[in-house]
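Biologist: Could you walk me through this model and then take a close look at one part of it? I would like to start with the aromatic rings and see what lies around them.

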Amino acid sequence: MREENVEYLKYGSRRKKLKFTNEDGSGGRKMGRLFTGAVLVCALFCAVKAVHYLYTDPSFIVKNVKVEGNRLLTKDEVLNLAALPPKENIMKLNCRDAAKRVLSNPQVEKAEINRVFPSQIRIVIVERKPVAFAGRERAFQVDSRGALFPRFKAGDRPSSLAVTT
């Protein structure tokens, strides 16, 4: 045994040897590994409980949906496009799929759907801005990138838009 790992306690006139190493000279590594394992198990248990809490606690049920950036589409039209399930947990919503559904409308150029904790969904859209009419009877609109999209409303014909045939 190495002398640097040994200390002595004094009890009156007697001295008692204190060991800081195991008999095999492992220096308490077994206890250290056991302690590390216990800490990891506790951390894993806490993580599982936290995820379970996020997915089951009623305070994370969607209570409010905020729609921003809509000028021509109404809030109800955007919500119908997003097809968000009612009274769904905010963590269970697939925001990427809902954004793709909103983008399926040709009037929408960009769509972003975010969770706002604890119970709100925020939908931000950018609608296409027409710069010209195209096609027979002006059935389509053209945006600045040249993308065609159907005319939004039958009576909608701003005089500032060019007409192409």
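What percentage of the 165 residues in the protein do buried residues make up? And how many aromatic pairs does a search of the whole structure find?

Modeller: Happy to. Please keep in mind that this is a predicted model, in which local features need pLDDT of at least 70 and side-chain atom pairs count only at pLDDT 80 or more, while totals for chains, interfaces and linings use all residues. Residues are numbered from 1 along each chain as its sequence is written, and side-chain values use heavy atoms, with hydrogens and water left out.

Your opening question first: 24% of the 165 residues are buried, where buried means under 20% relative accessible area, exposed over 50% and partly exposed in between (1.4 Å probe, protein chains only). The protein has three helices and nine strands, running β-β-α-β-α-α-β-β-β-β-β-β from the N terminus. Helices (H or I, at least four residues) and strands (E, at least two) are DSSP runs, numbered from the N terminus. Among contacts with a separation of 6 or more, 43% join residues 24 or more positions apart; a contact means heavy atoms within 4.5 Å.

Now to the rings. A pair of aromatic rings is described by the distance of the centres and the angle of the planes. Rings of Phe, Tyr and Trp (its six-membered ring) pair if their centres lie within 6.5 Å; planes under 30 degrees apart count as stacked, over 60 as edge-to-face and the rest as tilted. The search of the whole structure turns up two aromatic pairs. In one of them, Tyr53 and Phe60 have ring centres 5.8 Å apart and planes at 90°, so this pair is edge-to-face. Tyr53 is partly exposed because its relative accessibility is 43%, whereas Phe60, at 10%, is buried. Phe60 also forms an edge-to-face pair with Phe117, with 6.3 Å from centre to centre and 80° between the planes. That pair brings together distant parts of the chain, 57 residues apart: Phe60 sits in the loop between helix 1 (29-56) and strand 3 (64-68), and Phe117 in the loop between strand 4 (108-116) and strand 5 (120-127). Phe117 is partly exposed, at 48% relative accessible area. Together, Tyr53, Phe60 and Phe117 make up one aromatic cluster.

The loop that holds Phe60 also holds Asp57, between helix 1 and strand 3. Asp57 is buried but has no salt bridge, and Lys63, the nearest side chain of opposite charge, is 7.3 Å away. For charge, Lys and Arg count as positive and Asp and Glu as negative, with His and the chain ends not counted; a salt bridge is a side-chain nitrogen of Lys or Arg within 4 Å of a carboxyl oxygen of Asp or Glu. Asp57 does have a polar contact of 2.3 Å with the side chain of Ser59. A polar contact is a pair of N or O atoms within 3.5 Å; within protein, one must be able to donate a hydrogen and the other to accept it, and residues adjacent in sequence count only if both atoms are side-chain atoms.

Strand 5 holds another acid of this kind, Glu127. Glu127 is buried and lacks a salt bridge, with Arg71 as the nearest side chain of opposite charge at 4.0 Å. The Glu127 side chain does reach backbone: the nitrogen of Arg71 at 3.0 Å, and the nitrogen of Leu72 at 2.9 Å from one of its polar atoms. Leaving aside residues up to four places away in sequence, the residues that Glu127 touches include Gly69, Asn70, Leu73, Gln107 and Val108.

Strands 4 and 5 also lead us to helix 3. In that helix (residues 95-103), Cys95, Ala98, Ala99 and Val102 are buried. Viewed down the helix 3 axis, the buried residues fall within an arc of 100°, so they line one face; the arc is that of the directions from the helix axis to the C-beta atoms. These buried residues pack against helix 2 (75-82), strand 4 and strand 5. The face turned away from the buried side carries Arg96 and Lys100, both exposed. At the N-terminal end of helix 3, Asn94 acts as a cap, with a side-chain oxygen 3.3 Å from the backbone nitrogen of Arg96.
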